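Me: I am new to this structure and would like to go through it step by step. Please keep the answers plain.

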Amino acid sequence: MRRRNGVQWLVLGGLFSVVCGAARADGLADLNAALARLQGQTPIKGQVESKTWRREGEGKEAEEDSGTATVAVEGGPVGLQVLYGKDLLAKVEAEQRAKVKDPKVKTPTGFALGEMKATELRSMVSAADALSREIDEAVFGGEKMDSYKGKPARLLSFTLSLDKVPEKDRKYVKKFDGGIEVWIAADGTPLASRFHFDVSGRAFVVVSFTQKMDETRQYGVSGDHLLLLRKESKSATSGAGEKVESKIVKTLQLQP
């Protein structure tokens, strides 16, 4: 009798492992379900800070720009509202006046503010649509068990195609490599992601070029909102004797 029970438990244990394995292996469905659930219809308020750095050229001839700007955002059923504070606008005005007197004067606040595009700000307080669109445009490669900030997580991998390059430029591309990795919790909720691509080629026979982009994102949840708490983008482009590097860090802080 004991032997029979032992066999039964062995069989049931095997079936349980298969079922759990199948559940874990369906991370893409879990992710899509979480994104559908976190559409962000309830009101939410926060502040988005942008820290921007850019260097053009090399050596002593290189020119650098950097700046910081913060705006208030409010999302909900009516859409997205952005508030540019009085102090922020005063800084921008002062920079513009100084530039009229001296065209070489830096405009750090205006420079950082230029990265505060509406689509980017919306994705900070309601990130589900942007992430859903990106994975829809990619090819799912698989998933594996991993960890995020020391806790168990599932890592989903996607491959990007040459379609990410504008059609008019594709004929010049010799090498393209790109992908997306998304770390999800047990219920499919996104924890973090990484978007990257590496392009190189040659245009007009003699002009070679390279472009690299690496972007990491950290997510959070508030009510029915998937939040983009931190996004760090790094890019490097070179070609025709020019080299440009940039780094942009955006962070979100919720407000009561």
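Reply: Accessible areas here come from the Shrake-Rupley method with a 1.4 Å probe. The model is a predicted one. For the chain, the accessible surface comes to about 15600 Å².

Me: What share of that accessible surface belongs to carbon and sulfur atoms?
Reply: The surface of the chain is about 15600 Å² in this predicted model. The share that belongs to carbon and sulfur atoms is 55%.

Me: How many helices and strands are in the chain, and what percentage of its residues count as buried?
Reply: The chain has six helices and ten strands. Buried means under 20% relative accessible area. Of the 256 residues, the portion that counts as buried is 33%.

Me: Which residues of helix α3 are buried, and where do they sit around its axis?
Reply: Helix α3 covers residues 86-101 and reaches 23 Å from its first C-alpha to its last, close to the 22 Å expected. Its buried residues cover an arc of only 65° around the axis, which puts them on the same side of α3. On the other side, Lys-86, Asp-87, Arg-97, Val-100 and Lys-101 are exposed. The buried residues are Leu-88, Val-92 and Glu-95.

Me: Which elements are included in what covers the buried residues of α3?
Reply: The residues to be covered are Leu-88, Val-92 and Glu-95. Their cover includes β2 (63-76) and α4 (108-113).

Me: With which side chain does the side chain of Thr-109 make a polar contact?
Reply: Thr-109 is found in helix α4 and is buried, with a relative accessible area of 8%. Beyond four places in sequence, Thr-109 touches Thr-68, Ala-69, Leu-88, Lys-91, Val-92 and Glu-95. The polar contact, at 2.8 Å, is with the side chain of Glu-95.

Me: How many aromatic pairs does a search of the whole structure find, and is the pair of Phe-140 and Phe-158 stacked or tilted?
Reply: The search finds two aromatic pairs. The ring centres of Phe-140 and Phe-158 are 5.4 Å apart and their planes are at 55°. Planes under 30 degrees apart count as stacked and those over 60 as edge-to-face. An angle of 55° lies between these cut-offs, so this pair is tilted.

Me: Is Phe-158 buried or exposed?
Reply: Phe-158 is in strand β5, and its partner Phe-140 is in strand β4, 18 residues apart. Phe-140 has a relative accessible area of 33% and is partly exposed. With a relative accessible area of 3%, Phe-158 is buried.

Me: What kind of aromatic pair do Phe-195 and Phe-197 form?
Reply: Phe-195 is buried, at 9% relative accessible area. Its ring and that of Phe-197 are 6.1 Å apart centre to centre, with 85° between the planes. The pair is edge-to-face.

Me: What is the phi of Lys-149?
Reply: Most residues other than glycine have a negative phi. Lys-149 is in the loop between β4 and β5 and is exposed, with a relative accessible area of 60%. Although Lys-149 is not a glycine, its phi is positive, about 55°.

Me: What distance separates the C-alpha atoms of Ile-180 and Ser-157?
Reply: Ile-180 lies in strand β6 and counts as buried at 1% relative accessibility. Its contacts beyond four places in sequence include Ser-157, Phe-158 and Phe-195. Ile-180 and Ser-157 are 23 residues apart along the chain, and their C-alpha atoms are separated by 5.9 Å.

How values were computed
Residues numbered from 1 in each chain as written. Predicted model: local features only at pLDDT ≥ 70, side-chain atom pairs only at ≥ 80, totals over all residues. Heavy atoms only, no water. Helix = DSSP H or I, 4+ residues; strand = E, 2+ residues; numbered from the N terminus. Buried < 20%, exposed > 50% of the residue type's maximum accessible area, 1.4 Å probe, protein only. Expected span 1.5 Å × (residues − 1). Arc of directions from axis to C-beta. Contact = heavy atoms within 4.5 Å. Polar contact = N/O pair within 3.5 Å; in protein donor to acceptor, adjacent residues only side chain to side chain. Phe/Tyr/Trp six-rings, centres within 6.5 Å; stacked < 30°, edge-to-face > 60°.
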